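Please find below a colleague's note, set out as numbered points for reading beside the coordinates.

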Amino acid sequence: MRTNSIASTDSTWTGMVPVGDTALAVTDTGGPGIPVLYVNGHVATQKYWRHVIPELGPGWRHISYDMRARGKSGTSADYSFETNVADIDAVLAARDVQRAVVIGWSYGAFVAAHWASRNPDWTVGAVLVEGAQPHDWIDEVDIEGMRKLWRRLGWLMPLMRATGRGARMTAEQMADSNIEAGEIARERVLGPVMDNITVPTRYVNASGSSLGSKGDEQERIRASLHKVVERNPNIEIHAKVPSNHGNILRKDYRTVAEAVRVVAELDRRSR
């Protein structure tokens, strides 16, 4: 499935992939290498992978996209987590990709983990960067306070979008999405998803805090991973790097790329 809105440079394809009531902005470098699908953070865009992609190099086929209402993608009536998982299918089908390494950062790691868990035959391996950690952090959040915070930040959202760090969603939609993410992160919800993963999977964790975290909250969330790796031999912690949650893709992109190579090699050995 291709659209008429295409711009090509050498073998790279960029265009809009229709899905549901919207269209997603997609970039595909093409080529015969193993496809790597990049899944962004909650309000991030494809640009966040600008260090990881060249570090892996032209021997891989890099496919990145903007989620609904992010970057150059269109807006939608549905920003649910399930829709974000299903959109991976739409992107891969549009680019005629049968199997791929899926890598996600932050919110994107949750999306990537769910997709890998449900689609082992289509997944070469998964790399989860600072996300998909089962923890009931939502119980420590003032839900109404979160909604009020997003309303107060409403004036800032256009500026954030202009710098590539925001989404074309209302404050209420942003709050709903964050709250839903907290429910999805619950140990009783995410734990079975991680237990069901049968492909090589590696975590890359940062150190220190993330935007909005308090005290040692982020470290307590990361500590939940020891249960995940104990229960599932397909999953390991590849590395814990010095950078924090927000700058890991910029400062420790070499380690992130290394984890992609590891899961791809493990898949090759198993065949």
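Leaving aside its neighbours within four places in sequence, with which residues is Leu-56 in contact? The first point takes this up, after a word on conventions. This is a predicted model, in which local features need pLDDT of at least 70 and side-chain atom pairs count only at pLDDT 80 or more, while totals for chains, interfaces and linings use all residues. Residues are numbered from 1 along each chain as its sequence is written, and side-chain values use heavy atoms, with hydrogens and water left out.

1. Leu-56 and its partners. Beyond the four-place window, Leu-56 is in contact with Tyr-38, His-62, Ala-257, Val-260 and Arg-261, contact meaning heavy atoms within 4.5 Å. Leu-56 lies in helix α1, residues 52-56, where helices are DSSP runs of H or I with at least four residues, strands are runs of E with at least two, and both are numbered from the N terminus. With a relative accessible area of 8%, Leu-56 is buried; the classes are buried under 20%, exposed over 50% and partly exposed in between, for a 1.4 Å probe and protein chains only. Its partner Arg-261 is 205 residues away in sequence, yet the two C-alpha atoms are 8.2 Å apart.

2. Two positive phi values. Most residues other than glycine have a negative phi. Ser-106, however, has a positive phi near 60 degrees, and Glu-130, also not a glycine, has one of about 50 degrees. Ser-106 sits in the loop between β6 (100-105) and α3 (107-118), whereas Glu-130 sits in the loop between β7 and α4. Both are buried, Ser-106 at 16% relative accessibility and Glu-130 at 2%. Not counting residues up to four places away in sequence, Ser-106 touches Glu-130 itself, together with Gly-41, Val-129, Gly-131 and His-245.

3. Helix α3. Eleven of the twelve residues of α3 are buried, so this helix is largely enclosed by the rest of the structure. Among the buried residues are Tyr-107, Phe-110, His-114 and Trp-115, and their cover includes β4 (35-39), α2 (81-94), β6, β7 (123-129), α6 and α7 (187-195). As a check on geometry, the twelve residues should span 16 Å at 1.5 Å a residue, and the end C-alpha atoms are 17 Å apart, which agrees; the expected span is 1.5 Å times one less than the number of residues.

4. Helix α7. Leu-190, Gly-191, Val-193 and Met-194 are buried in α7. They cover an arc of only 165 degrees around the axis, which puts them on the same side of α7, the arc being that of the directions from the helix axis to the C-beta atoms. Among the elements covering them are α3, α6, β8 (201-205) and α9 (225-231). Pro-192, also found in α7, is partly exposed at 47%, and its C-alpha atom is separated by 9.6 Å from that of Pro-134, 58 residues apart along the chain.

5. The α4 and α6 pair. The axes of α4 (residues 143-152) and α6 (residues 171-184) come within 8 Å and cross at roughly 145 degrees; axes are lines fitted to C-alpha atoms, for helices over the stretch in contact, and angles run from 0 to 180 degrees between N-to-C directions. Residues that meet here include Met-146 and Trp-150 in α4, and Met-174 and Ile-179 in α6.
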